Amino acid sequence: MTSITDPNMSDRFTNAMEEIHNKQLKVNGEIIDTTVELCQSHRQFVKSALDTCLKKCKDDEMLFETIQTFKRDLQQKSASLKEKQHSISEVISEIQQKEMQKDKIIQKIEILKEEQSKRKELIRSQNKANKDRLRNLQKARLVFQDHLGMEIRTIQGKTQLVKGEKLQFVFRHINPADQDSAYIVTMGIKEDGSYQIVSSDPSLECLPVLEKLLQETNNLPAFLANVRKEFISQARC
């Protein structure tokens with residue numbers, strides 16, 4: 001063991017301490033360098049992470065704005081679709097109403113055709129009946145006008161009840177005291193083709209009975225003969 005009184009002992013101790021100090025400084029330097037490197041690396045990592053987060057935030061904001069835009073577009077398209085559906089429903093309803101109106105019009109046309117056909121048939125029937133009545137009138141004219149002095153006149157009815165063309169049968173040679181004295185019965189034809197007795201001058205109480213008999217038999221000469229008999233009977237009373 002070296003004695004502390006050795007003069008070289010102090011130098012060796014000093015050198016050892018310097019060596020230890022230098023080693024310590026070296027270690028501390030390495031630690032500081034490592035710390036600095038770690039700090040720089042940490043700063044770079046934090047900066048990179050921050051940049052990444054900022055970019056992510058911007059991307060998220062853009063995505064959110066895109067989603068909001070899509071939502072607004074979807075709402076607008078949904079509203080437009082509802083309007084179009086409503087318009088389509090109205091058009092369909094209008095078409096259905098027009099189809100119903102069309103069907104009603106077709107039904108009315110068919111009814112009108114049937115009524116027109118019935119009216120034509122009625123007119124043909126009335127024309128035939130009027131021709132028959134005209135022949136009866138001609139026969140009556142030959143019998144009464146030529147042989148019994150009867151005159152047939154055509155007049156126009158002025159009241160609503162007797163409106164239209166009427167016939168007046170004027171009988172003469174009724175009253176022996178006045179052969180030229182006129183006895184008149186006025187008649188017409190209804191829409192259904194039946195005879196209508198309007199009046200008689202002078203008035204005959206049995207005229208409604210004679211009219212009913214005429215409508216039942218459609219025998220005009222017999223009706224005129226019965227009217228003439230009633231006028232003669234009345235004139236001799």
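## A tour starting at Tyr 183

Select Tyr 183 to get going: its relative accessibility is 9%, so it counts as buried, since the cut-off for buried is under 20%. Keep in mind as you click around that this is a predicted model.

**Stop 1: the rings around Tyr 183**

Now add Phe 231 to your selection. Phe 231 is buried too, with a relative accessible area of 0%. How many aromatic pairs are there, going by the distance between ring centres? The count is two, using a limit of 6.5 Å between centres. In the pair formed by Tyr 183 and Phe 231, the ring centres sit 5.4 Å apart and the planes meet at 50°, so this pair is called tilted. Colour by secondary structure and you'll see that Tyr 183 belongs to strand 3 (residues 183-189), while Phe 231 belongs to helix 3 (residues 220-236), so the pair ties together parts 48 residues apart in sequence. Add Phe 171 as well, and you have one aromatic cluster made of Phe 171, Tyr 183 and Phe 231.

**Stop 2: zoom out**

Show the whole protein chain as a cartoon. You can pick out three helices and four strands, and walking along the sequence gives the pattern α-β-β-β-β-α-α. The chain has 237 residues, and 17% of them are buried. If you show the surface, about 18700 Å² is exposed, with carbon and sulfur atoms supplying 56% of that.

**Stop 3: the largest nonpolar core**

In soluble globular proteins, nonpolar side chains tend to be buried together. Here, the largest nonpolar core holds 19 residues. Select Phe 169, Phe 171, Met 187, Leu 220, Phe 223 and Val 227, which touch the most other members. Strand 2 (164-171), strand 3, strand 4 (195-201), helix 2 (207-217) and helix 3 each give two or more residues to this core. Which element gives the largest share? That's helix 3, with six residues.

Next, centre the view on Met 187 alone. Setting aside neighbours within four places in sequence, the contacts of Met 187 include Leu 167, Phe 169, Ile 197, Leu 214, Leu 220 and Phe 223.

**Stop 4: the two sides of helix 2**

Select helix 2 and look down its axis. Leu 207, Leu 210, Glu 211 and Leu 214 are buried. These buried residues span an arc of only 105° around the axis, which puts them on the same side of helix 2. An α-helix has 3.6 residues a turn, so residues three or four places apart point the same way. Turn to the other side of helix 2 and you'll find Pro 208, Val 209, Lys 212 and Glu 216, which are exposed. What covers the buried residues of helix 2? The cover includes strand 3, strand 4 and helix 3. Before you move on, click Asn 218, just after helix 2: Asn 218 takes a positive phi of about 60°.

**Stop 5: Thr 186**

Finish back in strand 3, where Thr 186 lies. Is Thr 186 buried or exposed? With a relative accessible area of 6%, Thr 186 is buried. Show the side chain of Gln 168 as well, and you'll spot a polar contact of 3.4 Å between the two side chains, Thr 186 and Gln 168. Leaving out residues up to four places away in sequence, Thr 186 also touches others, including Ile 155, Lys 166, Gln 196 and Ser 199.

Note on methods
Residues are numbered from 1 along each chain as its sequence is written. This is a predicted model: local features need pLDDT of at least 70, side-chain atom pairs count only at pLDDT 80 or more; totals for chains, interfaces and linings use all residues. Side-chain values use heavy atoms; hydrogens and water are left out. Rings of Phe, Tyr and Trp (its six-membered ring) pair if their centres lie within 6.5 Å; planes under 30 degrees apart count as stacked, over 60 as edge-to-face and the rest as tilted. Buried means under 20% relative accessible area, exposed over 50%, partly exposed in between (1.4 Å probe, protein chains only). A nonpolar core is a set of buried Ala, Val, Leu, Ile, Met, Phe, Trp, Tyr and Cys residues joined through side-chain atoms within 4.5 Å. Contact means heavy atoms within 4.5 Å. The arc is that of the directions from the helix axis to the C-beta atoms. A polar contact is a pair of N or O atoms within 3.5 Å; within protein, one must be able to donate a hydrogen and the other to accept it, and residues adjacent in sequence count only if both atoms are side-chain atoms. Accessible areas come from the Shrake-Rupley method with a 1.4 Å probe; for residues, only the protein chains shown count as cover.
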